[in-house]
Amino acid sequence: MNQTSAGKSRLYERIVLAVDAASHQAAAAAIQLARGSDAGVLVLHVPEGGDAPTNMHRCQEFVDGVVWELKQAGVHARGEVRGTNPAAEILRCAVEEKADLIVMASRGLSDLEGLLLGSATHKVLQLAKIPVLVVR
């Protein structure tokens, strides 16, 4: 386990917070975890399917709002919008960032699609090599 400069143990150093419009509780959980272990948070939003190019500006504004919320709570955070396949991008981002934890909501906005195709949360839980915190 890593130590901070104050000697406090750090459970997490890098957290990937996967967000969509239904992720308010996940953001709150990431704030608590990050503040408790002085971790940095990467806020990641992955627009689904063909909507990505047309909504990129709106997606970035959404991510910037979540980053601002984390920074207001004293958490070092930055944000990214990328890809169109949520599970694959979340997993790729976690590896690239050398994350210790993935935090995400139990369900996004596309409940029907998740039911028919398998939700991003389920896929991340099955394939992640690091702990995943799923928040309802």
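**Group meeting: a walk through the sheet, starting at β3**

Okay, let's start with one pair of residues: R14 sits opposite G40 in strand β4. Before I go on, keep in mind that this is a predicted model, and I'll get to the confidence numbers at the end.

So, how does the chain get from β3 to β4? It leaves β3, passes through helix α1, residues 24-37, and arrives at β4, and this β-α-β crossover is right-handed. The two strands, β3 and β4 (residues 40-45), run parallel, with five bridges joining them. Another bridge pair you can look up there is V16, whose partner in β4 is L42.

Now the other flank of β3. Here we have strand β6, residues 101-105, which is parallel to β3 and joined to it by four bridges. If you want a pair to click on, take I15: its bridge partner in β6 is L101.

Is β3 itself mostly covered or mostly open? Mostly covered. The strand spans residues 14-18, and four of its five residues are buried.

Let's zoom out. Which order do the strands take across the sheet? Reading across, you get β5-β4-β3-β6-β7, five strands in an open sheet with parallel pairing. At the edges stand β5 (77-81) and β7 (132-135); each has a single partner strand, so one side of each lacks a neighbour in the sheet. From one strand to the next, the twist averages 20 degrees.

And what packs on this sheet? Helix α3, residues 86-96, does, and it touches β3, β4 and β6. If you care about orientation, the direction of α3 makes about 155 degrees with that of β4.

A quick word on the cysteines. C59 is buried, at a relative accessible area of 10%, and C93 is buried too, at 0%. As for disulfides, the structure has zero of them.

Right, confidence. The chain averages a pLDDT of 86, and 81% of the residues score at least 70. Where in the chain is confidence highest, and where is it lowest? The high end is β3, at 98, the strand we started from, while the low end is helix α4, residues 111-117, with a mean of 46. Along residues 113-118 the pLDDT is below 50, and that stretch has seven contacts in the model beyond near neighbours in sequence.

That's my tour: we began with β3, which pairs with β4 through five bridges and with β6 through four. Happy to pull up any of those pairs on screen.

How values were computed: Residues are numbered from 1 along each chain as its sequence is written. This is a predicted model: local features need pLDDT of at least 70, side-chain atom pairs count only at pLDDT 80 or more; totals for chains, interfaces and linings use all residues. Side-chain values use heavy atoms; hydrogens and water are left out. Buried means under 20% relative accessible area, exposed over 50%, partly exposed in between (1.4 Å probe, protein chains only). Two strands pair if DSSP finds at least two bridges between them. A crossover is right-handed if, with the strands pointing away from the viewer, the path from the first strand over the helix to the second runs clockwise. Axes are lines fitted to C-alpha atoms, for helices over the stretch in contact, and angles run from 0 to 180 degrees between N-to-C directions. Contact means heavy atoms within 4.5 Å. pLDDT is the predictor's confidence in each residue, from 0 to 100. A disulfide is a pair of cysteine sulfur atoms within 2.5 Å.
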